Protein chains: 4
Amino acid sequence: MAESNHKVAVFGATGYAGALAADIVWRHPELELTAVTGRSETGLRLSDIHPRYDVPLKLEEPILDDIAERAGSALVAYPHKAAAPTVDALLKRGLKVVDLSADFRLSQAAYEEYYEPHPIPELLDQAVYGLTERHRERIKDAELVANPGCNSTAALLALYPVADLTDDVIVDVKAGVSGAGRGANDKTHFVSVVENVSPYSVGRHRHRAELEMELTGLTRISFATHLIPLDQGILATVYLQPKEPITQEQLFTRFTEYYASEPFIKVVKNAPGVRDVRDTNFAAIHPAVEQDTGRVIIYSAIDNLWKGAAGAAVQNLNLMVGLDEGAGLLTGQEINNARA
Amino acid sequence: MAESNHKVAVFGATGYAGALAADIVWRHPELELTAVTGRSETGLRLSDIHPRYDVPLKLEEPILDDIAERAGSALVAYPHKAAAPTVDALLKRGLKVVDLSADFRLSQAAYEEYYEPHPIPELLDQAVYGLTERHRERIKDAELVANPGCNSTAALLALYPVADLTDDVIVDVKAGVSGAGRGANDKTHFVSVVENVSPYSVGRHRHRAELEMELTGLTRISFATHLIPLDQGILATVYLQPKEPITQEQLFTRFTEYYASEPFIKVVKNAPGVRDVRDTNFAAIHPAVEQDTGRVIIYSAIDNLWKGAAGAAVQNLNLMVGLDEGAGLLTGQEINNARA
Amino acid sequence: MAESNHKVAVFGATGYAGALAADIVWRHPELELTAVTGRSETGLRLSDIHPRYDVPLKLEEPILDDIAERAGSALVAYPHKAAAPTVDALLKRGLKVVDLSADFRLSQAAYEEYYEPHPIPELLDQAVYGLTERHRERIKDAELVANPGCNSTAALLALYPVADLTDDVIVDVKAGVSGAGRGANDKTHFVSVVENVSPYSVGRHRHRAELEMELTGLTRISFATHLIPLDQGILATVYLQPKEPITQEQLFTRFTEYYASEPFIKVVKNAPGVRDVRDTNFAAIHPAVEQDTGRVIIYSAIDNLWKGAAGAAVQNLNLMVGLDEGAGLLTGQEINNARA
Amino acid sequence: MAESNHKVAVFGATGYAGALAADIVWRHPELELTAVTGRSETGLRLSDIHPRYDVPLKLEEPILDDIAERAGSALVAYPHKAAAPTVDALLKRGLKVVDLSADFRLSQAAYEEYYEPHPIPELLDQAVYGLTERHRERIKDAELVANPGCNSTAALLALYPVADLTDDVIVDVKAGVSGAGRGANDKTHFVSVVENVSPYSVGRHRHRAELEMELTGLTRISFATHLIPLDQGILATVYLQPKEPITQEQLFTRFTEYYASEPFIKVVKNAPGVRDVRDTNFAAIHPAVEQDTGRVIIYSAIDNLWKGAAGAAVQNLNLMVGLDEGAGLLTGQEINNARA
């Protein structure tokens, strides 16, 4: 495979995350978008389906041999199970791959507990879990990165700095509708969502598995998700009772130190709203000690399509192909700020 | 005071809760709305301010002597601290009063801890806390009922049946904007709210005080509130770790038995959305045991303006004046259903 | 058929209009809801599908012989073309029918121009077009009433009083999503609708046909429809250039006189928002003469599910079965007001 | 004044349009943001007020002498009347100015008819009306550009190519709330806006004056505006009856030819939604001939904060300071596309 890995194909570019991934690559100063694939809408331009994204490339059928001629890297935005065979084929053709599905995030055992029999378990070993802030060095060397789930991202970024404080945590997620995908059904119908707040995946949300994997010291993780009448955005409110008392200042310092050099993490002094990070790749995190109880409550806000999906995917791809992590995601001034 | 206590004045009828209270009384088959008061909009009809409510009465200045001639009961929908003097004056004139503010909900100590010096502490003794499902018998005999806070109502209804299971609880509230009142400010501006989820009253929400008062066995109560881009509705997600394991069936039975004869409480088999109870006086409650942790998670949905304010106020007033609790709030068929 | 025509079956009670129709009948003081039908959700209670409506009847398969035993009237809320055979069968069994589809609104020629070949054209003669305010007397005697389209209702109520002023009119409709029905597709997906305003049925909306039928003097009718991120509601802005100048006072008087005795029409002094009539059967209409141009601009607001569908259907049914037109739709006080 | 006119100060950076203007300049590859001013929030960073925009500059008091030392150009985003004195002072200090208010858009007579006595009429002569697509050459040489109103922009872009077809036009505007500004009042309260569509400025909207000025052949312009529950976006539906019949093809060709070389105008084959252009500086325009009437209906969608305010302001500033018109507003690839 002689193609530069700066040439990127996006598979599944008609879904919300795939379309945004294509748009970010299209506008990226150092990556080149060379192919976008879609199922039923082949032949149309991506901008016909998603006019807000001004990407004039025509949607192609996912003919791997053809596309692999034109790309050295791929972002795969397929549903779980559908993704694995395409990822496998792309790796075999020498492409670097960021997979946005759940297919390569978990161990085989966990995948099969939370999802279904894994289609290609032998690939799992080479996948790196793509929570960049935690696994940056391994991502740089990876051929395959498994982009984390959106809810998991919001929760994990809140928990990494404090996971040693407790073994018991509650994650209460408020999530926008784009996280449920472009599929039209009774749950995503406007009339079902507007003027509503409704719990979903009650009992067990699959993204919980990623917390178990990443935070092995937490033996009791509650994870409850709620659908909110908004388009993009996740606010995770994370509750934990520290075994030893901790002060607000100590807690805040933990976070500022943990994320001191992170370009995309803002540790903020007031609890953030999801609007604060809308259409950006930032996570805004506010850790607080509740006076009355000593409980730690951490508010973590991301845009599920950016830091929760497409933005994080490009962040990972940047590292994999040797670019600055923030390229195409931050302005030059922001990159300078983050470095300063 | 010779007026029938079926003649009702609504003080503060221009706010959201007051306007709905006026509308419910207006449409009530056995109560008669005899006066509505407002501050700046005196002389206009209530339907001019709130066209959706077809109440043609003109807003009056709150001249107590005058209005007390025409009413035997009152609903007072003023902000806290402003309410107490009016309530006092109405009681002295022999009216039965439901106060929708926080002024008579708490002990003096708690009020002064969470709010400010109490304007008329000597009245506190005669006030009954108006969570009808808990204090029905005392409400029937009360001259003054303190209508509970909207968030407290959602939380308490979830907690009464299980408060003996633990001493530690987390209440995560998702609340619509009407709960913040009709005051226009940066927080309630459409652009601030839409496409947002934002924590508010971070640190300590005042409604927490009502939980402390009602659930004395709970020594550790976390209470976090989030503003959601919707008009009416509260979903409280309540988390507690029972000291002894409990099964889903046991838990569900607790709730169905606890609320067996309640006309306004629906114990439901699936987690409710706030839309399910919109524009009704129902609370929909779903108790669940999380398999992975044994944690109890209770979802409690109400319409903050109905069961969280104006609906509950009329429910209480019905009892105080000797009517069927559901009059004006349920149809005849629903009352029959509830009795059957 | 011996059943009282106060016993009502609702066919297609799982759609938005059908569910509301069932709810209105359920709460109606003089009608009795005896059956609700649904397609795939047979066996569930209507309140399981639409929890907001507290209708405990179980959804049945539409077995006409069985249901006709229990009902003397029917509201049919099927899609066009599907409705006609059921309507036919119900009429043959002696029921009075209000059909909410387009099947009996138009002449055969118009139906076939705007829709498709008519399934049962011989029934058209006996159908009365159910714009109550215009055709009240004929509705009283009808066995079959064709309930008008929601957009047509908003437009016609604005135009009846002024149709003689011009032959040329523009109707610009802003409509909520429930008017598009419960079908889940790309157009009704929350993410497609929120933060959007989008024209639909560009070129020709079928409801235009009803204006041609009812307003034969208007030879040039433009009709443009726009989907708005709201649940319920239609605002029609109607523009016409009068052949002779008309003053604001003359125009306003035309409307107040035309609708002087109408219980559901409010001619209002300020342009209404759809929220003013939400969840009511009222239409709020504001006629204005634009100073700069002399053009007449009429703002007409209804709730598409109420006055635009289910509310109007019950209003018609009330008349057909000899009840007060507002029964179940207005409170007793409102009926008195309307009569006064 | 020795400062490069690539150094830009934004006055009134706390409002919606000013904040976005500051953000665009901040991220602009060739402009440098050197000062942002605000009233009450002086000392805070702009990103504290508008976290979504990652602009770390601190808000300053508008001390003109100080700021003029550091900037060669200014964007002034003040309310009308407040803007004029600042614009005057900046011009005197040698800065190039784009004013986003109404103060310099109109003739003195028109301003005083639609607004109030003009504070500095002698400046009007040197102001160029900043509808870039129409007045590009004059803008390049201007010291003062009056940025058009948002509703006017949507309407004018729809009308320029067809203004010779008629003398009579109706503009029906559907507008998001951010156009009403950051001021909190009853009209902008979330509860007033959500689930509503409401006419505003009924009778006469001030933006109508800009149409009269730009389209002198149109002697009868109706202009009706409606507030929609969305954040950003305007859809103008423009109706006109051509004096001579025109075919769809002829009409479409007029538009494609008129806007053939425009980087920010998309003449589209299907009627656009405002979401299609959200957060972009594009206008999407669809002209249609209504078959039934021969009427021309033009749908014109913009983001009111971008093409309707801040985006257009930077587009104008780019021209004034000798940069590529699309710099900072289009990606490099888009600029190439637009040129190709």
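**Chains C and D, and the fold of chain A**

In this predicted model, 37 residues of chain C are in contact with 37 residues of chain D.

Reader: Which strand of chain C supplies the largest share of the side that touches chain D?

Author: Several strands of chain C, including β8 (168-175), β9 (198-200) and β11 (234-240), each supply at least two residues of the side that touches chain D. That side has 16 nonpolar, ten polar and eleven charged residues by class. The largest share of it, five residues, comes from β10(C).

Reader: What relation holds between chain C and chain D, and which residue of chain C has the C-alpha nearest the axis?

Author: A turn of 180° with a shift of 0.0 Å along the axis lays chain C on chain D with an RMSD of 0.0 Å, and that is the relation of a two-fold axis. Of the interface residues of chain C, 100% are also interface residues in chain D, so the copies meet through the same surface. In chain C, the C-alpha nearest the axis lies 3.2 Å from it and belongs to Pro229(C).

Reader: How does the radius of gyration of chain A stand against the globule rule, and what is its value?

Author: Chain A holds twelve helices and 14 strands. For its 340 residues the globule rule gives 20 Å, and the radius of gyration is close to this, so chain A is as compact as a globular protein of that length. The C-alpha trace of chain A spans about 60 × 45 × 40 Å along its principal axes. The radius of gyration of chain A is 19 Å.

Reader: What percentage of the residues in chain A is buried?

Author: Counting a residue as buried if 20 or more other C-beta atoms lie within 10 Å of its own, one can take the share over the 340 residues of chain A. The buried share is 59%.

Definitions and conventions
Residues are numbered from 1 along each chain as its sequence is written. Chains are lettered from A and ligands numbered from 1 in the order in which they are written. This is a predicted model: local features need pLDDT of at least 70, side-chain atom pairs count only at pLDDT 80 or more; totals for chains, interfaces and linings use all residues. Two residues are in contact if their C-beta atoms, placed from the backbone, lie within 7 Å. Helices (H or I, at least four residues) and strands (E, at least two) are DSSP runs, numbered from the N terminus. Ala, Val, Leu, Ile, Met, Phe, Trp, Tyr, Cys and Pro count as nonpolar, Asp, Glu, Lys and Arg as charged, and the others, Gly among them, as polar. The radius of gyration is taken over C-alpha atoms; the globule rule is 2.2 Å times the number of residues to the power 0.38. A residue is buried if 20 or more other C-beta atoms lie within 10 Å of its own, exposed if 12 or fewer, and partly exposed in between; C-beta atoms are placed from the backbone. Copies are superposed by least squares on the C-alpha atoms of residues with pLDDT of at least 70 in both.
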